[in-house]
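Colleague: Got a minute? I'd like to go through this model with you.

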Amino acid sequence: MGRREKRKMLFLKNGVDVFGKKIEILTLDDKIFKIGEKISENEVEEFEKKNSDKKLEVIDLNGKLLMPGVIDVHTHMREPGVDYKEDFSTGSRACAKAGITTFYDMPNTIPTTTTLKALEEKKELADKKSIVNYGFHFGGSKNDNVKEIKKVLESEKVNTVKIFMNISTGEMLIEDDEILKKVFENSKLVLVHAENEMIDKALKLNKDYGNGLYVCHIPSKEELIKVLNAKKDKNFNNEKHPVYAEVTPHHLFLNDEIRESTDRNKMLLRMKPELRTKADNEFLWEALNNGEIDTIGTDHAPHLISEKLEKITFGMPGVETSLTLMLNAYNEQKVKLETIQKLMCENPAKIMKIEKRGKLKEGYFADIIAVDLEKEWTVGVDDTIESKCGWTPYENWKLKGKNILTIVNGKVVFENGKFNDNLENGREVEFYE
């Protein structure tokens, strides 16, 4: 693990939660010690006396929104192997700035995270560099790495496996039915990149052999309907093999009309799955507000802008704008705050079985953010882009709502546009079960 933080205490006062209730929080070391609508001065004094070896830092939120830190379970931090685009240091800074206190990294790096050795080497890199918490998805391989899958799951190094059924680089696209069957049989939760008819195939594999299916970045009405129908069918979606649906901000906020509007956008706004129509945006929003979507993952997949403009290159940065886009949508009355918290904080922790994160709850880790819902700003103009790739697909978008405070494991990492001078390392997440 990384360097241990100095023991300390925080008092977050005069906050409001997503339900509009007043909320105040006392933290002790890395955990939430007490939550209440109002914590009295006497209680605070008593708390200070009992912990006189530590200094209490008081942060007056003046009515700002308090939320659990966002958990983004779908990122490509590009390290090892392609870290000129992003690495655990720059990627985690982008997360912290935007209110993400935990990210999960996908396995399609160089080398791929398809052996226990590669996983352990990647963990060491994140441990030294990441300023927020982190987890990893192990990868399935067309070269049949089921023995490695068993090994890492038994050692409890990870509890998820990601497979690509449509497109990927190198060894990660699995087309052999027998290998797919073995991956589903020998994994816990399987995350899939599956498009069109491959979604049907993934759903059937989970029903017949699997222990849980998480369908990543669903882009369209047609594909989402396949997953929603399966979620409603007890043969496909039950306690033994549940089905989960993820959408990305870019499939909610962007579409082919925006992509085709300029020559620059035609190059920059490319990813897999590709952007679909405005009608698809609207259907995804409807499903999201009906409680049919489980999570929002960014699919943060940065490339340098020079690469994007030179030739069609799939993938875009996403962690720095995911929460603020959703807050702006709240301000436009498109979504409730409690829905944002559920999809970006609570459900990711629940689905990935992350220990004591994703909620503001006594005894949970103090991963906390504060948001200014009234803050109006322009992306890429009123702030510094932290991602190493140096650009955002939402440049010049005027948004309302912004993260102003990020606390990771009880320590202030980012506040009012600035990073703490004494940044500590984040921690690898732990799971229950």
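Modeller: Sure, let's talk about one helix and then a pocket.
Modeller: This is a predicted model, where local features need pLDDT of at least 70, side-chain atom pairs count only at pLDDT 80 or more, and totals for chains, interfaces and linings use all residues. Residues are numbered from 1 along each chain as its sequence is written, and side-chain values use heavy atoms, with hydrogens and water left out.

Colleague: OK, how many residues does α14 have?
Modeller: Helix α14 has 15, residues 337–351. Helices here are DSSP runs (H or I, at least four residues), numbered from the N terminus.

Colleague: And where is the kink in α14 centred?
Modeller: On L343, with a kink of about 40°. The bend at a residue is the angle between axes fitted to the seven residues ending there and the seven starting there.

Colleague: Why is α14 largely enclosed by the rest of the structure?
Modeller: Because 11 of its 15 residues are buried, meaning under 20% relative accessible area with a 1.4 Å probe, protein chains only. Among them are L337, L343, N347 and I351.

Colleague: What happens just after α14?
Modeller: K353 takes a positive phi of about 60° there.

Colleague: New topic: which residues lie nearest the centre of the second largest pocket?
Modeller: G291, I293, D294, K342 and N347, out of 18 lining residues.

Colleague: Which element gives the largest share of that pocket's lining?
Modeller: α14, with 9 residues. Helix α11 (278–289) also supplies at least two.

Technical notes. Expected span 1.5 Å × (residues − 1). Buried < 20%, exposed > 50% of the residue type's maximum accessible area, 1.4 Å probe, protein only. 1 Å grid on protein atoms, 1.4 Å probe; cavity = no way out; pocket = protein on both sides within 12 Å on 5 of 7 lines; lining within 4 Å.
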